[in-house]
Amino acid sequence: MSALREQGAAPTTPGGMIRARTDGTDQLIAADEPLAGLQVRSGSAVPGAIALPALLALVRRVRRTGQPASRTILSVDEGYPVTAMAFVTPEGEGTAIELSQWHRGEESAAELPVPDALLHHLAEAEILLDDAQRVIVADVRAADLADLAAALETGRGRYWTDFVTIDRVSDLMTARQGPLHWRLLDDAPFTVEGSVRNWRARILPRAQGGFALLALPEVIEALPPSAQPAEAKPEEAEAQPGWNRLLGRDLAPALRQPIARIIANAETIRTRLAGPLAEEYASYARDIADAGRHLMSLIEDLADLEAVEAPGFAPAPDHIDLADCARRAAGILSVRAQERGITLVTPESGAHVPAIGEFRRVLQVLLNLVTNAIRYSPEGTTVTLGVGLDQRGAWIAVQDEGRGLTAEQAERVFEKFERLGRSGDGGTGLGLYISRHLARAMGGDLVVTSAAGEGARFELTLPPDRTA
């Protein structure tokens, strides 16, 4: 480990292996280049908090379980994708990290794109665009983008490029009517009046048509350990039998790459990037992309299924606030709700319900519940997120105004692969099954109360935080 960087630069170790160490608080205390440099460029330091969310999630799991684990790490370095294979083992109170197959640049972008879920999590503004890149609705979360939020609210129907200054293509755009093709603007750096930070635009084609524009800060601060997105898929249960272990651990990583390329290529055809195309063939390409997304969703659900059914699975006992979790979940899904004309009602800003549970797992459950409520509720209705504390513990409930469930459906809704007769909605029938497993693993439960024609109320209970 002599080549490890404590302060200042150090070369990559011989043979292409990059080594690093963490302490008992998951701080990166030593690292070879190029990991050390990426730490600094991402707003952290050596020693300092691990700036790669996926690597931090893996380190936390290894330290918690005492078992070695490996996975592919995806990140972004100055706008360029970075991929590496990480192998982490326990070492003293911390861990030892070995990274191999480190790639940075366009080749990595084509082969292993940064997951959309992580980009949505890191974005500080999300703008829904039509096929011509005109603004439909915006969800702006950064305080220094308040002026942009106000301008977008009054400027719906205008091109999004009217509201920002795009650095690398401004001269080209002056000679055109409207913005450039979305692929030329994807990952473009831009600035916004009223914000001192530099931004990048990430443009994601949507299955329903149009685009989601994500505003990502150039330097992303490392997230606190309790706020990591649900990236890690536990692999430690070597003795776990069954087909789902084989798919989740061994096949899922191999399947993600080709399926992601199928989706990307289908979207390229659909958006006519390669040239003019008959409408019927563009429609075929959209069907291919939709099928690819459904298959990718199934793969991710199966990987999560492996995690929750693994012997010894135990989420981290974080100190969380259920009211804050409710507001975060609603914020992430606000654009989707606005598309369907659904109003999300959240706890007031002063409401607090302290509880014990793993933050990212609680957020995962809530996102599943709210997504279902939006998907199956009539347009123009309300989905309410309520919180409370009683003799059962701390609770958070998601209430919709849909057609509800019969008593027989309410008994079946948490079963594995249960769809209640629905098809073609993009679901896998695993979300509620996984969510209940997570709730019970955290010492709580997930139940539903409903009656046909009266909507459904899903309630997550957790142990209360008596120390808060």
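Two strands pair if DSSP finds at least two bridges between them. With that idea in hand, we can walk through this predicted model, beginning with a sheet.

## An open sheet

Six strands make up an open sheet in the order β8-β7-β12-β11-β10-β9, and their pairing is antiparallel. At the edges lie β8 (135-140) and β9 (165-166), each of which pairs on one side only. As a reminder of what holds such an arrangement together, strands of a sheet pair through backbone hydrogen bonds, either parallel or antiparallel.

Let's follow strand β7. With β8 it shares 5 bridges, and the two run antiparallel. β7 and β8 also form a hairpin with 5 residues between them, and Q133 in the turn has a positive phi of about 70 degrees. Strand β7 has 5 bridges to β12 as well, again antiparallel. The residue E126 shows both links nicely: its bridge partner in β8 is D139, while its bridge partner in β12 is L214. L214 is also the bridge partner of R202. Strands β11 (residues 199-205) and β12 (residues 211-217) run antiparallel and are joined by 7 bridges.

The table below collects these pairings.

| Strands | Bridges and direction |
|---|---|
| β7 and β8 | 5 bridges, antiparallel |
| β7 and β12 | 5 bridges, antiparallel |
| β11 and β12 | 7 bridges, antiparallel |

Why is strand β7 described as largely enclosed by the rest of the structure? The reason is that 5 of its 5 residues (125-129) are buried. A125, I127 and L129 point one way from the strand, E126 and L128 point the other way, and all are buried.

## The nonpolar cores

In soluble globular proteins, nonpolar side chains tend to be buried together. Here the largest nonpolar core has 47 residues, and those with the most contacts inside it are I320, L322, V362, V448, F458, L460 and L462. Several elements each supply at least two residues of this core, among them α9 (279-309), α10 (322-332), β16 (382-390) and β18 (445-450). Helix α12 gives the most, with 9 residues. A second, separate core of 26 residues includes I18, A31, L52 and I73.

Take I320 as an example of who meets whom. Leaving aside residues up to four places away in sequence, I320 touches C325, V353, P354, A355, G357, F359, V362 and L462.

## Rings and charges

How many aromatic pairs does the structure hold? There is 1 aromatic pair. It is formed by F414 and F458 in an edge-to-face arrangement, 6.0 Å centre to centre and with 80 degrees between the planes. The pair links distant parts of the chain, 44 residues apart: F414 is in the loop between α13 (407-412) and α14 (431-441), and F458 is in strand β19 (residues 456-462). Are these two rings buried or exposed? F414 counts as buried because its relative accessibility is 7%, and F458 is buried too, with a relative accessible area of 12%.

F414 has another partner: R436 lies over the face of its ring, at 3.8 Å from the ring centre. A second charge of this kind belongs to R457, whose charged end sits over the ring of W395, 5.2 Å from its centre.

## Around α14 and L405

The buried residues of helix α14 are G431, L432, Y433, I434, S435, L438 and A439. Just after this helix, G443 takes a positive phi of about 85 degrees.

L405 is in the loop between β17 and α13, and it is buried, with a relative accessible area of 11%. Although L405 and G455 are 50 residues apart along the chain, their C-alpha atoms are separated by 7.3 Å.

## The whole chain, and how far to trust it

Stepping back, the chain has 14 helices and 19 strands. Of its 468 residues, 49% count as buried. Among contacts with a separation of 6 or more, 60% come from residues 24 or more positions apart.

The mean pLDDT of the chain is 76, and 77% of the residues reach 70 or more. Over residues 1-15, however, pLDDT is below 50, and this stretch has 42 contacts in the model beyond near neighbours in sequence. Residues 220-244 also stay under 50, and the model gives them 69 contacts beyond four places in sequence. Where pLDDT is low, the predicted coordinates should not be read in detail.

Note on methods
Residues are numbered from 1 along each chain as its sequence is written. Side-chain values use heavy atoms; hydrogens and water are left out. Rings of Phe, Tyr and Trp (its six-membered ring) pair if their centres lie within 6.5 Å; planes under 30 degrees apart count as stacked, over 60 as edge-to-face and the rest as tilted. Helices (H or I, at least four residues) and strands (E, at least two) are DSSP runs, numbered from the N terminus. Buried means under 20% relative accessible area, exposed over 50%, partly exposed in between (1.4 Å probe, protein chains only). A charge sits over a ring if NZ of Lys or CZ of Arg is within 6 Å of the ring centre and within 35 degrees of the ring normal. A nonpolar core is a set of buried Ala, Val, Leu, Ile, Met, Phe, Trp, Tyr and Cys residues joined through side-chain atoms within 4.5 Å. Contact means heavy atoms within 4.5 Å. pLDDT is the predictor's confidence in each residue, from 0 to 100.
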